[in-house]
Amino acid sequence: MSKTRVRYAPSPTGPQHVGGIRTALYNYLFAKKLGGDIILRIEDTDQSRFVEGAEEYIIESVNWCGFDFDEGVHKGGAYGPYKQSERKDIYIKYSQQLINEGKAYYAFDTPEELKAKRIEAEVEKSTFKYDYLTRGSMRNSIVLSADETQKLLEDKVPYTVRFKMEPGQNIIVDDMIRGKVRFNSSELDDKIIFKSDGMPTYHLANIVDDHLMKISHVIRGEEWLPSSPLHIALYQSFGWDIPKFAHLPLLLKPTGKGKLSKRDGDAGGFPVFPIEWKDSQTGDVSKGYREEGYYPGAFLNIMALLGWNPGTEEEIFNLKELVEIFDIKKVGKSGAKFDPDKARWFNQQYLSKMPNEEIAEEIKLDLEKREIFTSVDLFAVAVQMKERVAFVKDIYSSAKYFFETPTEFDAKIVRKKWKDQSSQIVKGLIEVFESVKEFKADFIEDGFKKYLNEKELGFGAAMISLRLSITGTGGGPSLFNIAEIIGKQETLKRMRENPERINDLKT
């Protein structure tokens, strides 16, 4: 059995969408499950759409995700070059082979002539197709004599090369996800396989490259399914083995119909790109998952489960586990809706399992960006907050009371919970907290409860009064843990100063 070889073949036309990364990931998982190789091939035959920096962006995105390719434009290999613009002479050879064998032909039709045909068809309320029915009325080497064709070539008259699609054939795409998909070749047009600019189209270049690079399986987006019968016909014309196909479902908008787009991300406040993209021409910046604080492992989980179901209740997998359990046949046929809330949930799951030392270091870096410097034990903050937020960057906004004395207080909680006796309760607790010799959470809590028993105070009323004074909020981690972390001096300072500030809000 030949070795499994798959390829990820993006075009360098801009930043890589999350759908592209999912395609790369599924190719990687499929290949590694079978002990095979994955290659990175850059399909840049359309030079008019080339975007500076896009190729490097693709490589950096995948590396951030935590996997890599066995061969490719960035590392070489036995089947290079891996950039189609560097393989032009190869495609010319195979295009000429098809022409010589009568399976393709030169087409000298000008854009104006083709436009006229389309307008003519519209008048007749039909659609013009360059196919077996119309090719005989066009200006091409099927209609022209050999001498006329040669003269046009010698005069360097612009031309394209079209594949001659034979009618009346039943072309079957045996798809690993969708089963057998049937096409009638009579409904297909004669696609251009070589453009007037001297570059091949995707159709020819991709077939030739997949054959020469010994690609055994082609795993790509479902938008390429309609092109599959042409690709199979090309394989058959060359007499080559046909790889196995799998066409992945689309990634859909969170709400409504249609494909997920950058516009959806902008409207919903979530990224649609793996890492940040800066447009060198416009200066526009598109945010990425990396910069938004997502962990690579969480992002991989998000991508893996968009369209694929492992068949278990488990949802959290590392890359090695994904390789072990991935099955292309468990990828669904229907489009997968992207859920930003689920994406945040995945990141929260990863954050909650991160070592506290690493989280503490991330908190430190985040505070430094905000120009906040603190002596608070960030390890202890990590312990208290890691299961309460989805991102480390949210710790400051959710619990800034760890790092700063509150100057604002939750107005809604103050209106509802701050009573006439609240200031007196906090005042009485100052003496209790001052007497706590070892300012640890357990001892602070003991002193608090004893005071409540002595004064016959309700736990809820006393707790909310104390929490508002210390944190300015109505919720959060254990208040006694907070007090221990910010320290005795800071806790007592807040208890002395903040009740008056809160009273001012009530008046």
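## A walk through the predicted model

Let's start with contacts: of those in the protein with a separation of 6 or more, 71% are between residues 24 or more positions apart. Keep in mind as we go that this is a predicted model.

Now for the overall outline. The protein has 507 residues, and a compact globule of that length would have a radius of gyration near 23 Å, yet the value here is 32 Å. Along the principal axes, the C-alpha atoms fill a box of roughly 110 × 55 × 35 Å. Buried residues account for 50% of the 507. As for secondary structure, you'll be looking at 20 helices and 14 strands.

A good place to zoom in is the N-terminal part of the chain. Here you'll find an open sheet of 3 strands, in the order β1-β2-β3, with parallel pairing. The edges belong to β1 (5–8) and β3 (71–72), each of which pairs on one side only. Between β2 (residues 37–40) and β3 there are 2 bridges, in the parallel sense. If you want a residue to anchor on, take leucine 40, whose bridge partner in β3 is glycine 72. Packed on this sheet is helix α1 (residues 18–33), which touches β1 and β2 and has a direction at about 165° to that of β1.

Helix α1 has another partner as well. What angle do α1 and helix α9 (residues 296–304) make where they pack? The answer is about 85°, with the two axes 9 Å apart, so α1 is roughly perpendicular to α9. From α1, the contact draws on Val18, Ile21, Arg22, Leu25 and Tyr26, while α9 supplies Phe299, Leu300, Met303 and Ala304. Sort those by class and you get 8 nonpolar residues, no polar ones and 1 charged.

There's another crossing to look at between helix α3 (residues 88–100) and helix α6 (residues 202–212). Their axes lie 10 Å apart, at an angle of about 105°, so α3 is roughly perpendicular to α6. On the α3 side, look for Ile90, Tyr91, Tyr94, Ser95 and Leu98; on the α6 side, the contact is made by Leu204, Ala205, Val208, Asp209 and Leu212. By class, that's 8 nonpolar, 1 polar and 1 charged.

Next, strand β4 (residues 104–107). Is this strand buried on both faces, or exposed on one? Both faces turn out to be covered: Ala104 and Tyr106 are buried on one side, and Tyr105 and Ala107 are buried on the other. Strand β4 runs antiparallel to β5 (residues 160–163), with 4 bridges joining the two. Within that pairing, alanine 107 has threonine 160 of β5 as its bridge partner.

Finally, head towards the C-terminal part and helix α19 (residues 479–486). This helix is mostly covered, with 6 of its 8 residues buried. The buried ones are Leu479, Phe480, Ile482, Ala483, Ile485 and Ile486. What do they pack against? Their neighbours are four helices: α13 (378–385), α17 (441–455), α18 (459–471) and α20 (488–506). Just after α19 comes glycine 487, with a positive phi of about 95°.

Notes:
Residues are numbered from 1 along each chain as its sequence is written. This is a predicted model: local features need pLDDT of at least 70, side-chain atom pairs count only at pLDDT 80 or more; totals for chains, interfaces and linings use all residues. Side-chain values use heavy atoms; hydrogens and water are left out. Buried means under 20% relative accessible area, exposed over 50%, partly exposed in between (1.4 Å probe, protein chains only). Two strands pair if DSSP finds at least two bridges between them. Contact means heavy atoms within 4.5 Å. Axes are lines fitted to C-alpha atoms, for helices over the stretch in contact, and angles run from 0 to 180 degrees between N-to-C directions. Angles under 35 degrees count as roughly parallel, over 145 as roughly antiparallel, 65 to 115 as roughly perpendicular and the rest as oblique. Ala, Val, Leu, Ile, Met, Phe, Trp, Tyr, Cys and Pro count as nonpolar, Asp, Glu, Lys and Arg as charged, and the others, Gly among them, as polar. The radius of gyration is taken over C-alpha atoms; the globule rule is 2.2 Å times the number of residues to the power 0.38.
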